[in-house]
Amino acid sequence: MFENIIGNKKIINSLISDIKAEKLSPSMLLIGNEFSSKLTVALEIARAISCKERAEWNCSCTSCKEHRNINYPDLLIIGNKTSLPLEINASKQTLLKNKNKASYYLFLRAIKKLTIRFSPSLWDSSDPSFVKASSILPGIEEDIAELKSKEINAFEDKKLDTLTLSLEKKCNKLHEECMYETIPISQVRSSVSWLHLVPQEKRKILIIENADKMQEGSRNAFLKAIEEPPSYANFILTTSSKNAIMPTILSRVRPYVFSKRSENEEKEVIERIFKDKTQNSYLQDTSLLEQFFYQHLSVKYEDIKRAAILFWKYVIEKSKN
């Protein structure tokens with residue numbers, strides 16, 4: 001379990017111990033910065049508690065296979081706009097450079113982390129954002145089907161580049177045009193209704209990413225669900241700001257606080273997961289992972305940071321006047 005997580009060994013060991021002893025809290029809150037692997041940990045918790053055997057990393061049970069593909073029928077993820085497009089872009093670059101099975105699955109998982117948020121169980125079919133998403137998702141599925149049509153190393157470089165670029169553009173469009181800045185009450189209510197349906201397997205898991213971004217009505221709707229959850233349900237919330245979580249929700253979850261990774265641990269993530277050993281121009285006062293993800297954009301990370309600094313200087317000066 002958790003072999004794909006680098007750093008925060010104390011928290012990981014605590015989770016492993018709780019899972020093996022069957023003492024894991026049904027409601028958890030993972031707290032950490034944007035690039036601390038909270039969602040990856042949440043997905044691994046979901047896999048481990050759904051496993052039909054011993055939850056080993058290479059387990060071949062049907063539940064683990066479905067979880068590794070983020071295709072488990074009793075898993076839902078809701079959340080607002082995130083940095084997922086950056087992860088999809090970085091994973092695409094890893095696939096293009098390596099053309100192996102590991103980088104292929106890394107890319108597909110990054111895409112699935114986004115598309116799972118558009119499950120029909122979560123959305124009102126009349127919602128304009130879902131209507132638009134429904135026109136984008138089939139194209140993503142078609143590209144994925146083509147990507148799965150043969151061994152990844154059998155693709156010509158030009159064809160693979162075209163196909164992955166098409167997927168990246170469609171995912172960016174899905175994220176930017178169909179995701180909300182906050183978590184709407186309709187999705188919370190829909191996820192709660194879904195939770196009360198009998199599970200297909202043994203557990204139902206609801207992951208709420210950036211739970212601090214729930215609208216006020218969403219928080220109240222979720223509070224009712226977490227107060228009286230079904231016996232087979234698990235809630236895994238993530239946040240970068242514990243203080244922004246409603247106190248009554250905080251009192252009902254077990255918190256796991258992720259510390260900032262060391263520079264060596266961040267380098268290990270970049271080198272081991274994304275197979276990139278060329279980091280050599282990073283800014284001293286910013287996370288290596290943050291810079292790594294942003295370096296793939298057409299605009300240089302340094303230019304983005306300078307523009308942000310100038311903007312805030314402008315805002316501060318205007319406020320003084």
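Colleague: How much of the protein chain counts as buried, and what makes a residue buried?
Modeller: Buried residues make up 50% of the 321 residues in the protein chain. The label goes to residues under 20% relative accessible area, while exposed means over 50% and partly exposed is in between, with a 1.4 Å probe and protein chains only. Mind that this is a predicted model, where local features need pLDDT of at least 70 and side-chain atom pairs count only at pLDDT 80 or more, though totals for chains, interfaces and linings use all residues. Residues are numbered from 1 along each chain as its sequence is written, and side-chain values use heavy atoms, with hydrogens and water left out.

Colleague: What makes a stretch a helix or a strand, and how many of them does the protein chain have?
Modeller: They're DSSP runs numbered from the N terminus: H or I of at least four residues for a helix, E of at least two for a strand. On that basis the protein chain has 13 helices and five strands.

Colleague: How do you know what span to expect of α2?
Modeller: You take 1.5 Å times one less than its number of residues. Helix α2, residues 38–50, has 13 residues, and its first C-alpha to its last reaches 18 Å, close to the 18 Å expected.

Colleague: And why is E44 in α2 called buried?
Modeller: Because its relative accessible area is 4%, which falls under the cut-off for buried. E44 sits in α2, a helix with 13 of its 13 residues buried. Leaving aside residues up to four places away in sequence, E44 touches M1, F2, N4 and W57; contact here means heavy atoms within 4.5 Å.

Colleague: Why are α4 and α5 called roughly antiparallel?
Modeller: Helix α4 (residues 84–98) and helix α5 (residues 101–115) pack at about 160 degrees, with axes 8 Å apart. The axes are lines fitted to C-alpha atoms, for helices over the stretch in contact, and the angle between N-to-C directions runs from 0 to 180 degrees. Under 35 degrees is roughly parallel, over 145 roughly antiparallel, 65 to 115 roughly perpendicular, and the rest oblique. So α4 and α5 earn the roughly antiparallel label.

Colleague: What makes a crossing left-handed or right-handed, and which is that of α4 and α5?
Modeller: If the near helix is turned anticlockwise from the far one by less than a right angle, the crossing is left-handed; if clockwise, right-handed. The crossing of α4 and α5 is left-handed. By class, their contact has nine nonpolar, four polar and three charged residues. Nonpolar covers Ala, Val, Leu, Ile, Met, Phe, Trp, Tyr, Cys and Pro; charged covers Asp, Glu, Lys and Arg; the others, Gly among them, are polar.

Colleague: Why do α6 and α7 count as roughly antiparallel?
Modeller: The axes of α6 (residues 128–147) and α7 (residues 157–178) cross at roughly 160 degrees and come within 10 Å. α6 and α7 are therefore roughly antiparallel. α6 also passes α7 in a left-handed crossing, and their contact divides into twelve nonpolar, three polar and seven charged residues.

Colleague: What makes D161 partly exposed, and E168 buried?
Modeller: D161, in α7, has a relative accessible area of 36%, so it lands between the two cut-offs and is partly exposed. E168, another α7 residue, is at 8%, so it counts as buried. E168 touches I88, N89 and K92, not counting residues up to four places away in sequence. D161 and K92 are 8.8 Å apart, C-alpha to C-alpha, though 69 residues apart in sequence.
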